[in-house]
Amino acid sequence: MADKIGIFFGSSTGATERAATLIKNEIDAYAIADVEVHVVSMNNVSTMSNFKYLLFGCPTWNIGELQDDWAIVFPSLSNINFQGRKVAVFGCGDQFGYSNSFNDSIGILSQKIIDLGGEPCGWMPADDSYQFEYSRGATDGVLMGLFLDEDNQAAQTPQRVANWVLWLLEDFGLRQPAAA
Ligand SMILES: Cc1cc2nc3c(=O)[nH]c(=O)nc-3n(C[C@H](O)[C@H](O)[C@H](O)COP(=O)(O)O)c2cc1C
């Protein structure tokens, strides 16, 4: 039976929803896992326990805050047993409009996953295509997930998704690294 990956996202104006679809399609192209996509809500937060592999998609709103759907379920994440679960985070932000809180949600969710004993995955080095000042989702030049900026760099999204998914499937242990 194929491994199951659950994507749970929130999106107020559609950018992170588009990203969730792109990510699902990219994973599907490898044909190594079944991907389910859900808008995160109090009705489905407990079903996260059905997945060994989880992707959380959350844009940053209101200057460094979680998007509304995530803000509602955030306290309930503590009811999920994250031990043994591999969890990756992606999000959309605006690095020029909100340069001191760019994709902060990725940091907020990543820290929660760590606190709850989950295994954070999909971290990658920041490259110089990003120009933000500060993010709670970045530490020592490492991004704690996939940083997207549909407001300013939408044209880069498909390639960023492709690169990240390739790495993520390795990090999840679902795909062997390409031979050197
Ligand atoms: C009032 C407001 C506050 C925002 N705050 C942030 C922020 O702190 N950090 C950030 O990276 N983006 C911020 N954004 C930009 C959104 O995250 C961005 O537009 C994103 O693509 C929205 O994703 P969604 O369509 O999935 O909701 C803000 C946008 C608005 C309008």
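Is N163 buried, exposed or partly exposed? N163 is partly exposed, because 14 other C-beta atoms lie within 10 Å. The scale runs like this: a residue is buried if 20 or more other C-beta atoms lie within 10 Å of its own, exposed if 12 or fewer, and partly exposed in between, with C-beta atoms placed from the backbone.

Two words on the source. This is a predicted model, where local features need pLDDT of at least 70, side-chain atom pairs count only at pLDDT 80 or more, and totals for chains, interfaces and linings use all residues. Residues are numbered from 1 along each chain as its sequence is written.

Back to N163. Its place is in helix α4. Helices (H or I, at least four residues) and strands (E, at least two) are DSSP runs, numbered from the N terminus. L148 is 15 residues away from N163 along the chain, and their C-alpha atoms are separated by 12 Å.

Now α4 as a whole. Its 15 residues should span 21 Å at 1.5 Å a residue, and the end C-alpha atoms are 20 Å apart, which agrees. The expected span is 1.5 Å times one less than the number of residues. The buried residues of α4 are R160, V161, W164, V165, L168 and L169. Down the helix axis they fall within an arc of 150 degrees, so they line one face of α4. That arc is taken over the directions from the helix axis to the C-beta atoms. The general rule: an α-helix has 3.6 residues a turn, so residues three or four places apart point the same way. What covers the buried residues of α4? The cover includes α1, β6, β7, β8 (124–125) and β11. Contact here requires C-beta atoms, placed from the backbone, within 7 Å. Just after α4 comes G173, with a positive phi of about 80 degrees.

Next, α1. This helix covers residues 15–30, and its 16 residues should span 22 Å at 1.5 Å a residue; the end C-alpha atoms are 24 Å apart, which agrees. A15, T16, A19, A20, I23 and I27 are its buried residues. They sit within an arc of 135 degrees seen down the axis, so they line one face of α1. They pack against β1 (3–9), β2 (33–39), β3 (53–57), β6 (86–92), β11 (146–148) and α4 (157–171).

After α1 comes A31, in the loop between α1 and β2. Its phi is near 50 degrees, a positive value in a residue other than glycine. Most residues other than glycine have a negative phi. A31 is exposed, because only 8 other C-beta atoms lie within 10 Å. I63 also has a positive phi, near 60 degrees. I63 lies in the loop between β4 and β5 (65–66). I63 is exposed, with 10 other C-beta atoms within 10 Å.

On to β6. How many of its residues are buried? 7 of 7, so to speak: β6 is mostly covered. K86, A88, F90 and C92 point one way, V87, V89 and G91 the other, and all are buried. β6 pairs with β3 in the parallel sense over 5 bridges. There, G57 has F90 as its bridge partner. β6 also pairs with β7 (residues 119–121), parallel again, over 3 bridges. In β7, C121 is the bridge partner of A88. Pairing means that DSSP finds at least two bridges between two strands.A second sheet is open. Its 3 strands run in the order β8-β10-β9, with antiparallel pairing. β8 and β9 (138–139) stand at the edges, each with a single partner strand, so one side of each is left without a neighbour in the sheet. β9 and β10 (residues 142–143) pair over 2 bridges in the antiparallel sense. T139 stands opposite V142 in β10.

Last, the ligand. Which residues come nearest? Of the 23 residues around the ligand, these are T13, T16, P59, G93 and Y98. A residue counts as near if its C-beta atom, placed from the backbone, lies within 6 Å. α1 and β4 (60–61) each supply at least two residues of the shell. By class, the shell has 7 nonpolar, 12 polar and 4 charged residues. Ala, Val, Leu, Ile, Met, Phe, Trp, Tyr, Cys and Pro count as nonpolar, Asp, Glu, Lys and Arg as charged, and the others, Gly among them, as polar.

Key
Two residues are in contact if their C-beta atoms, placed from the backbone, lie within 7 Å.
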